[in-house]
Amino acid sequence: MRHRTTLFTLGLAGVLLVAAGCTGSTEPTRAEPTVRAGSTAPSPTPDTARAELVEALQRSQGVAHRYAVRGELPEGESVKGTGVFDPKARRFQSTIAVTGGKYPSAGSRIVIGTDSYVRPSDEKDWVHVDLKRVKRDDPFLRFDWADPTGLKTFTSTITSVRRTGPHSSTGRFDPDGKDVESFLPVGAPSLVSLGMPLSPFTITTDDRGWVTSLTVELTPSEGPKLTMTTTMSGHGKPQQIKAPARAGEAADFYYGK
């Protein structure tokens, strides 16, 4: 039973549902280019601005980096987390805490190749999960190396972009995502959105073009607006992620055989 607690505490994906009412959105689905009087260079067109931002997001996700996420969730919950993702070395580490609401939880996860290790914050022992044996549709134990933080999916949902400064952009994205899979908050995917209108985001980059901050807003049909912010740092720098020195094995029944 202790193994059940350990494995399911870290199973954040798909555990919360956020839905919108039928009010619709008054925001345009595409942004118009900004024209400044006396400007020597025209502002980028919406298509150009979107393409440049997508390239920055893809480039930033494609290298090792650290990230931190904080956000508001439905039912009075909040999430905070930190993580490290190295796609080329296939190493990942995160610590996530959900507070408020009825089901607070916290814990850590380390993934190296096809080996996953999970541990709740109130336990000393890690549990090893063999990802080769986990079903691909398992919402709690699976791990998606292509998009562990949800950033790739978020990028694919961007519908419009407007440049607001040399290192900042705003725009709209589709929170319903593709096939109604969770990808928000970026860094701790735990929400499935239904019927949500196009929603705003703000992204900042540094002088080298790395994405450093991503903030999104959702407006559910019930409850207050939800704001979620993810910051990124250390792009391209080596990251130290090691497997736990000791870890127990997950029971066979977790693999559904």
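## A first look at this protein chain

Lysine 132 has a relative accessibility of 58%, so this residue counts as exposed. Its salt-bridge partner is aspartate 130, and the closest N and O atoms of the two are 3.2 Å apart. Aspartate 130, by contrast, counts as buried, because its relative accessibility is 15% and the cut-off for buried is under 20%. Keep in mind as you explore that this is a predicted model.

**The chain as a whole**

- The protein chain has 257 residues, and 44% of them are buried.
- You will find 3 helices and 14 strands in the protein chain.
- Take the contacts with a separation of 6 or more: 59% of them are between residues 24 or more positions apart.

**Salt bridges**

- Side chains of opposite charge can pair when their charged atoms come close.
- The structure holds 4 salt bridges, and the pair of aspartate 130 and lysine 132 is one of them.
- Another salt bridge joins the side chains of glutamate 52 and arginine 163, with an N to O distance of 2.1 Å.
- Glutamate 52 sits in helix H2 (residues 46-61) and arginine 163 in strand E8 (residues 158-165), so this pair ties together parts that are 111 residues apart in sequence.
- Both ends of that bridge are partly exposed: glutamate 52 has 39% relative accessibility, and arginine 163 has 31%.
- Arginine 133 makes a salt bridge with aspartate 252, and here the closest N and O atoms are 3.4 Å apart.
- This pair also links distant parts of the chain, 119 residues apart: arginine 133 is in the loop between E7 and H3, while aspartate 252 is in the segment after strand E14 (247-249).
- Arginine 133 is partly exposed, at 28% relative accessible area, whereas aspartate 252 counts as exposed, at 53%.

**A buried arginine**

- Arginine 109 belongs to strand E5 (residues 105-112).
- Arginine 109 is buried yet has no salt bridge. Why? The nearest side chain of opposite charge, that of aspartate 138, is 8.3 Å away, and a salt bridge has to be within 4 Å, so this pair does not qualify.
- The side chain of arginine 109 does have a polar contact of 3.0 Å with the side chain of serine 116.
- Leaving out residues up to four places away in sequence, arginine 109 touches several aromatic residues, including Phe92, Tyr117, Trp126 and Phe140.

**Aromatic rings**

- A pair of aromatic rings is described by the distance of the centres and the angle of the planes.
- The structure has 9 aromatic pairs. Among them, phenylalanine 85 and phenylalanine 92 are edge-to-face, with 6.3 Å from centre to centre and 70 degrees between the planes.
- Both of these residues count as buried, phenylalanine 85 at 1% relative accessibility and phenylalanine 92 at 5%.
- Phenylalanine 85 also pairs with tryptophan 145: the ring centres are 6.2 Å apart and the planes lie at 25 degrees, so this pair is stacked.
- That pair spans 60 residues, from phenylalanine 85 in strand E3 (residues 78-86) to tryptophan 145 in the loop between strand E7 (126-130) and helix H3 (151-156).
- Tryptophan 145 counts as buried at 14% relative accessibility.
- Ring pairs link Phe85, Phe92, Phe143 and Trp145 into a cluster.

**Nonpolar cores**

- The largest nonpolar core has 44 residues, of which Phe154, Leu184 and Phe201 touch the most other members.
- Beyond its neighbours within four places in sequence, leucine 184 has contacts that include Phe173, Leu191, Val216 and Met228.
- A second, separate core of 6 residues includes Val84, Ile112, Trp126 and Ile241.

Conventions:
Residues are numbered from 1 along each chain as its sequence is written. This is a predicted model: local features need pLDDT of at least 70, side-chain atom pairs count only at pLDDT 80 or more; totals for chains, interfaces and linings use all residues. Side-chain values use heavy atoms; hydrogens and water are left out. A nonpolar core is a set of buried Ala, Val, Leu, Ile, Met, Phe, Trp, Tyr and Cys residues joined through side-chain atoms within 4.5 Å. Buried means under 20% relative accessible area, exposed over 50%, partly exposed in between (1.4 Å probe, protein chains only). Contact means heavy atoms within 4.5 Å. Helices (H or I, at least four residues) and strands (E, at least two) are DSSP runs, numbered from the N terminus. Lys and Arg count as positive and Asp and Glu as negative; His and the chain ends are not counted. A polar contact is a pair of N or O atoms within 3.5 Å; within protein, one must be able to donate a hydrogen and the other to accept it, and residues adjacent in sequence count only if both atoms are side-chain atoms. Rings of Phe, Tyr and Trp (its six-membered ring) pair if their centres lie within 6.5 Å; planes under 30 degrees apart count as stacked, over 60 as edge-to-face and the rest as tilted.
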